[in-house]
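Colleague: Could you take me closely through one part of this model, beginning with a single loop residue and its backbone, and then widen the view to what surrounds that part of the chain?

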Amino acid sequence: MARNYRIAVIPGDGIGKETVPEGLRVLDAAATRFGFSLKLDHYDWSCETYQKTGAMMPPDGLDRLRESDSIFLGAVGWPGVPDHVSLWGLLIPIRRSFDQYVNLRPCRLMPGARTPLAGRTEADIDFYVVRENTEGEYSSSGGRHFEGTEREFVSQLTVMTRHGVDRILRYAFELARTRPRRHVTSATKSNGITFTMPYWDERFALMAQQYPDVSTAQYHIDILCAHFVQHPDWFDVVVGSNLFGDILSDLGPAVAGSIGIAPSANINPERVHPSMFEPVHGSAPDIAGRHVCNPIGQVWSGAMMLEHLGEKAAADAIVAAIETLLREGGPRTRDMGGQAGTAEVGRALAEIVARA
Ligand code: NAI
Ligand code: MG
């Protein structure tokens, strides 16, 4: 049986329109070499769409996406449209409706990438941040009371469900099992936050019992941030609540170098709904339209998509191509100290992938 996947493609705004075509070029090379096919549905949903129609996507947008196996996204956001409009009009509805409860970011120092940490090499920085993406601190529970009076107060409730906590922890442990070091670190703050975080710790300890082959550690979020900078080599899989994961999933790629190469995934592990794959970076209005942006974050996100679809060999070939290009002095964009344009890097990667 021919393997065929249906992919919804949303380039979005700014450099998303430049990186997505390169991501597709490399995916296409991988499909040819590894014998599967991709059926692409292109959607131009973006801030431009919002300015024309008053909505980031049409009313039946989510239903159209629902039919796809995966969503491949560039970046969303553009000056003139408030960021909360673009975020809540497109990305958040996709993440929530499709129960993409895992936000996954590999943090890996690639050859030739410049880490801000002195003296660190590729062997020292290679871990994943696993962020809970649907509950926790980012609940809409709470409010502002007695507004404008001396009694004014605000509150915001953190919501942790057993279901929500356990499923993200389980994902982290399962991921660790696929990696040589088999180690999971939990981000906590159970010294200062006295109900939800001790609960998180308790569920973590119980989950760990089910994975005796995986070693564990846990740190309070403050010192954990310091350890990311001082000891990135301690980490393999790091799991955190929505807020702590948010912080770590920006800090992690930052210690690994250029924002232009960092990929991410929003995953519904049960595959009831499509998952979404996108680079960590945004639409970069400062360089958009000049075809100088780095396409590697997008290309690597494509590799994560193929891995999720079960095309592990193809995914590995794409990541290996990125390493080869960077190690062997292939074309690179300005953010990595080169002169090449976006498409030049994309073509070079596609050629490496195509080589059997
Ligand atoms: P940004 O990631 O777009 O840009 C930050 C800096 O990194 C800029 O100097 C930019 O030129 C550089 N940069 C980013 N990607 C690059 C690449 N591939 N190659 C070379 N350089 C690159 O973040 P910023 O400026 O805070 O946000 C711009 C817009 O993007 C905003 O509207 C924001 O809301 C949106 N955004 C969207 C995201 C998404 O779609 N998931 C994520 C982050 C921001
Ligand atoms: Mg963030």
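Modeller: The residue to begin with is A284, which sits in the loop between β12 (275-279) and α9. This is a predicted model, and what follows should be read in that light. The phi angle of A284 is near 45°, a positive value in a residue other than glycine. A284 is nevertheless buried, because 23 other C-beta atoms lie within 10 Å, and the cut-off for being buried is 20 or more.

A second residue can be set beside A284, namely F146, whose phi is near 50° and is likewise a positive value in a residue other than glycine. F146 belongs to the loop between β6 (142-145) and β7 (153-156). F146 counts as exposed, since it has 10 C-beta neighbours inside 10 Å, and 12 or fewer is the limit for that class.

The strand that precedes the loop of A284 also borders another loop, the one between β11 (263-267) and β12, and E270 is found there. E270 is exposed, with 9 other C-beta atoms within 10 Å. Although E270 and D99 are 171 residues apart along the chain, their C-alpha atoms are separated by 9.6 Å.

From here the view can widen to the core. The largest nonpolar core has 96 residues, among which V130 and I318 touch the most other members. Helix α9 (residues 296-309), the helix that follows the loop of A284, supplies the largest share of this core, with eight residues. Because domain 1 (1-106 + 258-356) and domain 2 (115-256) both give residues to the core, it lies between them. As a general background, nonpolar side chains tend to be buried together in soluble globular proteins.

V130 deserves a closer look. Leaving aside residues up to four places away in sequence, V130 touches V102, L104, I168, Y171, A172, L175, V237, V238, V239 and G245. One of these partners, L175, can also be related to A356, for the two are 181 residues apart in sequence and 28 Å apart in space, C-alpha to C-alpha. A356 lies in the segment after α11 (342-354), and A356 is exposed, with 6 other C-beta atoms within 10 Å.

The two domains can also be described by their contact. Their C-alpha centres lie 25 Å apart, and 15 residues of domain 1 are in contact with 15 residues of domain 2. On the side of domain 1 that touches domain 2, the elements that give two or more residues are α4 (83-97) and β4 (102-108), and β4 gives the most, with five residues. By class, that side of domain 1 has eight nonpolar, three polar and four charged residues.

Finally, there is a helix pair to consider, α7 (residues 221-230) and α8 (residues 242-255), whose axes come within 10 Å and cross at roughly 10°. That angle makes α7 roughly parallel to α8, because angles under 35 degrees are placed in that class. On α7 the contact is made by I221, C225, F228 and V229, while α8 contributes F244, I247, L248, L251, G252 and V255. The residues of this contact divide into nine nonpolar, one polar and no charged.

Terms used: Residues are numbered from 1 along each chain as its sequence is written. Chains are lettered from A and ligands numbered from 1 in the order in which they are written. This is a predicted model: local features need pLDDT of at least 70, side-chain atom pairs count only at pLDDT 80 or more; totals for chains, interfaces and linings use all residues. Axes are lines fitted to C-alpha atoms, for helices over the stretch in contact, and angles run from 0 to 180 degrees between N-to-C directions. Helices (H or I, at least four residues) and strands (E, at least two) are DSSP runs, numbered from the N terminus. Angles under 35 degrees count as roughly parallel, over 145 as roughly antiparallel, 65 to 115 as roughly perpendicular and the rest as oblique. Two residues are in contact if their C-beta atoms, placed from the backbone, lie within 7 Å. Ala, Val, Leu, Ile, Met, Phe, Trp, Tyr, Cys and Pro count as nonpolar, Asp, Glu, Lys and Arg as charged, and the others, Gly among them, as polar. A nonpolar core is a set of buried Ala, Val, Leu, Ile, Met, Phe, Trp, Tyr and Cys residues joined through C-beta atoms within 7 Å. Domain bounds come from an automatic or database domain assignment.
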